[in-house]
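Colleague: Could you walk me through reading cores and salt bridges in a model like this one?

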Amino acid sequence: MPIIKGLEWTFNTEAEKYEKMRPGYVSELYEDIFKYNPINKSSNVVEIGIGGGQATLPILETGCTLTAVEYGENLAELCRHKFNQFPNFSVVTTKFEDFICDNNLCNLIYSASAFHWIPEDIGYTKVYKMLKSGGVFARFANHPYKDKGREEIHEAFQRIYSKYMPGSLAANEYSIDDAKKRADIALKYGFIDISYNLYHRTRTFTAKEYISLLGTYSDHIAIEENIRNKFFSEIEEAIDNLGGQITIYDTIDLQLARKP
């Protein structure tokens, strides 16, 4: 799905659904982060855009002090409750652009499927200033792709999306070249030791589950409600008519960069 700037507010309107339906991230990703930059009880960590906390628990379990920055009040409150057993966890409700933090403070700053909402020059420059020398920025995201084994579902979706959201279906699966291009952005802002990787998985949904997932995507939430209901009804009917399930092929990318 393409990113449409200015729709950050949409996630907050569906906080509980977002927390339930959006996937977490594979264990191998966290293993790679910790190999690159070990985190422990003495570490200061900032998460940019916590959302429903899908990427938070493995970091908290290191014992670090973790401050999450989240623009949505409902999402922030959800995560305060979700992780209230961790005394070193806190959430600041603000945009990252407005977040106040001392320079040279953080051992790790990371963002999961959220950093694209921040203007590149503002985001990378601020992250660089906040990190200690040797500190690390980890950026990662999930990129869902069509049910590759069943072209008939993809063709049905193309017909439906052409009516409601023309041109919005991903044409190509996220690639290692895409990951490299994203990783190399950090070089422009003074980072070194650039590293990147891809991870793969599949997720299978019933028609109703898939509609619930679509209801967490910003560009779908922003559609007028009556039109969105018709749109989702046609998607649900298409899945039910073609076996009742759909499998999504996820590619997760990770970019790591170090402050000298």
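Modeller: We'll take the nonpolar cores, then one helix, then some charged pairs.

Modeller: This is a predicted model, where local features need pLDDT of at least 70, side-chain atom pairs count only at pLDDT 80 or more, and totals for chains, interfaces and linings use all residues. Residues are numbered from 1 along each chain as its sequence is written, and side-chain values use heavy atoms, leaving out hydrogens and water.

Colleague: Which residues have the most contacts inside the largest nonpolar core?

Modeller: In soluble globular proteins, nonpolar side chains tend to be buried together. A core here means buried Ala, Val, Leu, Ile, Met, Phe, Trp, Tyr and Cys residues joined through side-chain atoms within 4.5 Å; buried is under 20% relative accessible area, exposed over 50%, partly exposed in between (1.4 Å probe, protein chains only). The largest has 32 residues, with L29, L66, F89, L108, Y110 and F140 making the most contacts inside it. Helix α3 gives the most, 4 residues (helices are DSSP runs of H or I, at least four residues; strands are E, at least two; both numbered from the N terminus).

Colleague: Which residues are buried in α9?

Modeller: A207, Y210, I211, L213 and L214. They fall within an arc of 155 degrees seen down the axis, so they line one face of the helix (the arc is that of directions from the helix axis to the C-beta atoms).

Colleague: And how many salt bridges are there?

Modeller: Side chains of opposite charge can pair when their charged atoms come close. The cut-off is a Lys or Arg side-chain nitrogen within 4 Å of an Asp or Glu carboxyl oxygen, and the structure holds 13. One of them joins R182 to D253 at 3.4 Å, linking helix α8 to strand β7; D253 is buried, at 0% relative accessibility.
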